[in-house]
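Visitor: I am new here, and I would like to be shown around. Could you take my questions one at a time?

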2 protein chains.
Amino acid sequence: MSAYDDLMAFQRETEALAQVAGRLGWDQETVMPRGAAEQRSEEMAAMEGVLHARRTDRRIADWLGQARAADDVAAAQLRLIRRSYERATKVPASLAQEIARVTSMAQGIWAEARAKEDVPGFLPVLAEVIRLRQEEGAALAAGGDPYDALIDDYEPGATAATIGAMFDRMRPRLVALRGRVLGAAKQPAGLSGKFGEEAQMRFARDLATAFGYDWNRGRLDIAVHPFSSGSGDDARITTRVAETDPFNCFYSTIHEVGHACYELGIDLDYRLTPLGSGVSMGVHESQSRIYENQLGRSRAFTGWMFGEMRARFGEFGIDDADAFHAAVNRVQPGFIRTEADEVHYNLHIMMRFDLERALIRGDLAVGDLEAAWNDRFAADFGVKVDRPSHGMLQDVHWSVGLFGYFPTYTLGNVYAGCLHRALRADIPDLDEALARGDASPATGWLRERVQRHGGLREPRATIAHACGFEPDEGPLLDYIEAKFAAIYDL
Amino acid sequence: MSAYDDLMAFQRETEALAQVAGRLGWDQETVMPRGAAEQRSEEMAAMEGVLHARRTDRRIADWLGQARAADDVAAAQLRLIRRSYERATKVPASLAQEIARVTSMAQGIWAEARAKEDVPGFLPVLAEVIRLRQEEGAALAAGGDPYDALIDDYEPGATAATIGAMFDRMRPRLVALRGRVLGAAKQPAGLSGKFGEEAQMRFARDLATAFGYDWNRGRLDIAVHPFSSGSGDDARITTRVAETDPFNCFYSTIHEVGHACYELGIDLDYRLTPLGSGVSMGVHESQSRIYENQLGRSRAFTGWMFGEMRARFGEFGIDDADAFHAAVNRVQPGFIRTEADEVHYNLHIMMRFDLERALIRGDLAVGDLEAAWNDRFAADFGVKVDRPSHGMLQDVHWSVGLFGYFPTYTLGNVYAGCLHRALRADIPDLDEALARGDASPATGWLRERVQRHGGLREPRATIAHACGFEPDEGPLLDYIEAKFAAIYDL
């Protein structure tokens with residue numbers, strides 16, 4: 001056995017154990033008995049201990065020192081293993097444990113604070129989380145920018161400077177579009193009536209099938225917050241169901257199908273290796289977003305959905321496919337990121353990016369966060385935040401230490417915009433298939449261009465390779481502006 | 001930290017990881033996508049590797065050498081850890097790996113051979129499994145009897161000699177009873193009609209509730225072969241559903257509830273420690289069997305069930321509670337162990353015990369197994385085996401290396417008989433509660449006398465402590481003879 005083979009065999013077991021830990025998370029959010037929560041946290045901690053020990057195993061350094069890559073694939077494997085090892089070993093074990101301990105506790109404090117609209121109850125632990133992540137960022141950055149080091153964990157190669165510059169270009173166009181849309185004379189209607197939960201789940205399954213989800217290697221369950229989980233031959237999705245809001249169920253499903261199809265679409269030769277998972281959060285989100293928005297909310301696909309929904313649910317206050325397309329894409333003021341439409345969504349992300357960057361850099365004190373949030377929200381959304389759970393307490397992310405994660409959502413949208421431009425150029429008659437409820441020409445293109453490569457290329461290079469051009473925000477903004485101009489007669 | 005504390009902290013993580021591995025097994029049999037099987041076997045192997053490394057970790061020997069037990073509980077913990085460590089380290093790693101490899105392969109070969117009625121196709125790999133287990137037994141026995149060493153893994157303290165002597169006392173009484181029952185003038189009728197699967201599952205849930213299953217720490221799902229899984233605060237059960245055979249669903253559920261209630265009933269102070277699991281297969285089976293048979297198939301409880309089933313399912317060809325009790329307990333000739341009634345069941349086990357003991361000791365050649373099986377079956381059951389899947393190919397056990405396991409089923413029945421005698425003596429009016437569908441006086445007694453102690457005492461001592469007398473086969477045989485004499489007017 002060569003050093004490369006030894007390293008890959010060791011790594012393969014680590015990847016398999018990481019899949020096990022992931023499955024435990026799926027279990028917890030879908031089927032676990034409520035009373036098992038305390039024991040489960042101990043089981044998870046034991047798995048994390050095993051994984052941390054393997055990821056910082058000193059033999060990895062020896063193997064990396066001796067291993068020679070026979071080809072590009074092997075070189076990419078070694079690059080990803082080296083990055084993971086360096087990140088894992090740069091952070092002192094005591095700091096990693098302290099972060100795990102505090103964030104686990106902070107999530108509960110956040111949930112309680114949100115329920116009680118109690119900002120002061122959350123600020124001390126938030127300050128502690130920020131301090132720990134600043135320390136971790138500094139350890140990882142080794143003299144560079146700590147916030148960049150945190151971003152790099154989710155989106156290798158991205159920096160606050162390039163993201164910030166792009167967001168600064170996007171923001172005025174989106175704010176202006178938002179004003180024109182909300183001020184338009186034509187305002188679409190929403191759905192009325194109730195939609196049976198079982199019938200919603202049946203249609204959700206059919207939508208997943210329409211987008212090419214492989215039921216032999218996945219399953220759909222209900223969870224409080226929809227998510228996808230797992231890699232290789234076992235990538236499961238979840239959705240939620242509310243009687244009066246079927247789009248929530250349907251578009252959550254399509255979104256998670258995008259994530260799962262990415263994992264399931266990766267070349268099976270890469271299974272249980274570092275190349276066998278989506279390459280970054282941004283590229284992952286590009287798949288979920290293009291499935292959900294550019295394809296799932298298109299005029300062609302919603303035309304098919306309208307017929308299906310009328311057949312399955314009867315009357316719901318919408319009389320034709322154009323009005324249905326407008327209802328699916330209705331732009332409405334709102335406080336909550338996860339409920340935001342395509343016009344508002346990225347504005348939510350941009351403000352979180354600016355605020356968290358300032359928090360990590362020490363330019364914004366935790367005590368000033370609420371005022372900063374509310375001022376920015378009023379400026380971009382034209383509305384005054386009426387309560388903390390509609391403002392800075394709405395997201396779980398910061399409580400669990402996710403700083404540097406938010407920008408990958410908009411990066412995903414930007415990448416989806418680029419992929420959509422290239423896809424439409426390659427398949428000019430795509431709408432004919434979508435209008436029949438058949439997304440397979442698009443999903444086949446995405447599998448071939450993006451998904452099957454897994455972690456072979458760096459995130460930006462993955463998108464550039466797929467599109468044939470360097471990604472930027474132009475295609476996304478052009479798409480959004482054209483789409484909403486048409487819907488709102490702007 | 002003392003050596004004892006260090007050891008227990010290490011052991012606790014191992015126990016938590018073992019729970020994770022168990023949950024993975026549950027997942028595989030209930031919710032796993034079919035296409036994930038190959039990947040799953042790699043994930044399981046990685047978990048087994050982690051667990052084996054921990055169970056043979058040399059620090060355990062050091063800690064055991066230095067640890068001092070402060071009380072009886074600590075002494076029991078040390079005793080169980082020492083036994084596990086000694087067993088794990090006595091078997092060479094290469095042999096353990098070879099057994100894992102061959103039995104994993106053999107299970108597939110067995111399944112195919114059973115489907116094709118192909119005994120010669122199974123014999124070579126069975127011979128290999130036997131050879132490996134002989135070798136393992138010899139390594140464990142260190143000069144003693146290899147088959148005893150294998151039994152000891154499932155039932156510490158039991159030996160082939162004591163089990164064999166007991167079985168020899170039981171067999172003639174059961175064979176004689178079998179003849180009288182099947183020759184009786186009165187023969188009960190069975191159920192007729194179809195029973196909706198959803199309604200069966202609803203009643204199965206109510207039965208689990210009646211037997212005190214804690215839904216906050218468990219759940220019920222469907223599986224091909226019913227099983228229970230997990231410990232501490234997460235002990236799940238499964239059952240199966242067939243439209244024309246509702247008793248299969250109901251009594252599988254009650255059986256698995258017995259297993260799960262044992263795990264859930266153990267003192268929570270023992271959670272994630274060696275004391276926190278059922279002490280042996282035999283004692284485990286005593287819980288599932290007393291729930292299923294002595295309680296669940298009693299005249300009092302089936303009286304309540306009859307009313308419930310009439311209310312839920314309407315007419316099914318049985319007109320009164322006595323006839324229903326007889327139908328539940330109907331004795332019929334049959335080839336299959338898992339479908340056997342209380343009269344036949346132990347006869348199935350005894351023949352497997354004699355055959356596997358002869359195989360492991362080298363007194364029976366694999367090539368002669370089929371003839372030996374069929375001869376013995378004709379002698380004890382009065383019927384000629386008509387095909388291998390009704391004979392020696394019916395059980396998975398030997399293919400996966402389970403030698404020494406079968407006798408624990410009958411040991412469980414014997415222990416259940418003893419517990420039932422003591423229970424009835426302590427709670428003379430138990431039938432009044434059972435007749436209302438309330439098993440709680442019995443389950444409370446079992447929790448207090450058996451379940452809460454977990455692994456504190458050795459298996460036989462666990463039963464003796466609960467009953468107040470040394471266990472033997474008498475109470476079980478007396479109970480069976482009296483019960484079937486009444487049902488069949490013998």
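Here are a visitor's questions about this predicted model, each followed by a guide's answer.

Visitor: Welcome me in gently, please: how many residues does each chain bring to the contact of chain B and chain A?
Guide: Happy to, and please keep in mind that the model is predicted. Residues count as in contact when heavy atoms lie within 4.5 Å. By that rule, the contact takes 36 residues from chain A and 36 residues from chain B.

Visitor: How do the two copies relate, and by what kind of axis?
Guide: A turn of 180 degrees, with a shift of 0.0 Å along the axis, lays chain B on chain A with an RMSD of 0.0 Å. The same surface serves both copies, since 100% of the contact residues of chain B recur in chain A. The turn and shift give the relation its name, a two-fold axis.

Visitor: What area do chain B and chain A bury between them?
Guide: The size of an interface is often given as the accessible area lost when the parts come together. Here, carbon and sulfur atoms account for 55% of that area. On the side of chain B, B:P33, B:Q39 and B:E42 lose the most area to chain A, together 20% of what that side buries. The total for chain B and chain A is about 2,900 Å².

Visitor: Which residue meets B:R12 in a salt bridge?
Guide: The rule finds 10 salt bridges across the interface of chain B and chain A. In one of them, the side chain of B:R12 comes to 2.4 Å, N to O, from its partner. That is inside the 4 Å cut-off for a salt bridge. The partner is A:E42.

Visitor: Which element gives the largest share of the side of chain B that touches chain A?
Guide: Between chain B and chain A, 17 residue pairs are in polar contact. On the side of chain B, the elements that give two or more residues are α1 (3–30) and α2 (37–55). The largest share, 10 residues, comes from α1(B).

Visitor: And how many charged residues are on the side of chain B that touches chain A?
Guide: Sorting that side by class gives 14 nonpolar and seven polar residues. The charged residues there number 15.

Visitor: Let us turn to chain A alone: how far apart are the C-alpha centres of its domain 1 and domain 2?
Guide: The domain assignment gives chain A a domain 1 (3–144) and a domain 2 (145–490). Their contact takes 44 residues from domain 1 and 49 residues from domain 2. The C-alpha centres of the two domains lie 25 Å apart.

Visitor: What area is buried between domain 1 of chain A and domain 2 of chain A?
Guide: Carbon and sulfur atoms give 63% of it. In domain 1, A:W26, A:E117 and A:R133 lose the most area to domain 2, together 17% of what that side buries. The area buried between the two domains is about 4,000 Å².

Visitor: Which residue forms a salt bridge with A:D152?
Guide: Five salt bridges are counted between domain 1 of chain A and domain 2 of chain A. For A:D152, the closest N and O atoms of the pair are 3.7 Å apart, and the partner is A:R87.

Visitor: Which element supplies the largest share of the side of domain 1 of chain A that touches domain 2?
Guide: The two domains have 19 residue pairs in polar contact. On the side of domain 1, α1 (3–30), α4 (72–90), α5 (93–116) and α6 (119–141) of chain A each supply at least two residues. The largest share, 14 residues, comes from α6(A).

Key: Residues numbered from 1 in each chain as written. Chains lettered and ligands numbered in written order. Predicted model: local features only at pLDDT ≥ 70, side-chain atom pairs only at ≥ 80, totals over all residues. Heavy atoms only, no water. Buried area = accessible area lost by both parts, 1.4 Å probe. Polar contact = N/O pair within 3.5 Å; in protein donor to acceptor, adjacent residues only side chain to side chain. Helix = DSSP H or I, 4+ residues; strand = E, 2+ residues; numbered from the N terminus. Nonpolar A, V, L, I, M, F, W, Y, C, P; charged D, E, K, R; others polar. Least-squares fit on C-alpha atoms with pLDDT ≥ 70 in both. Domains from an automatic or database assignment.
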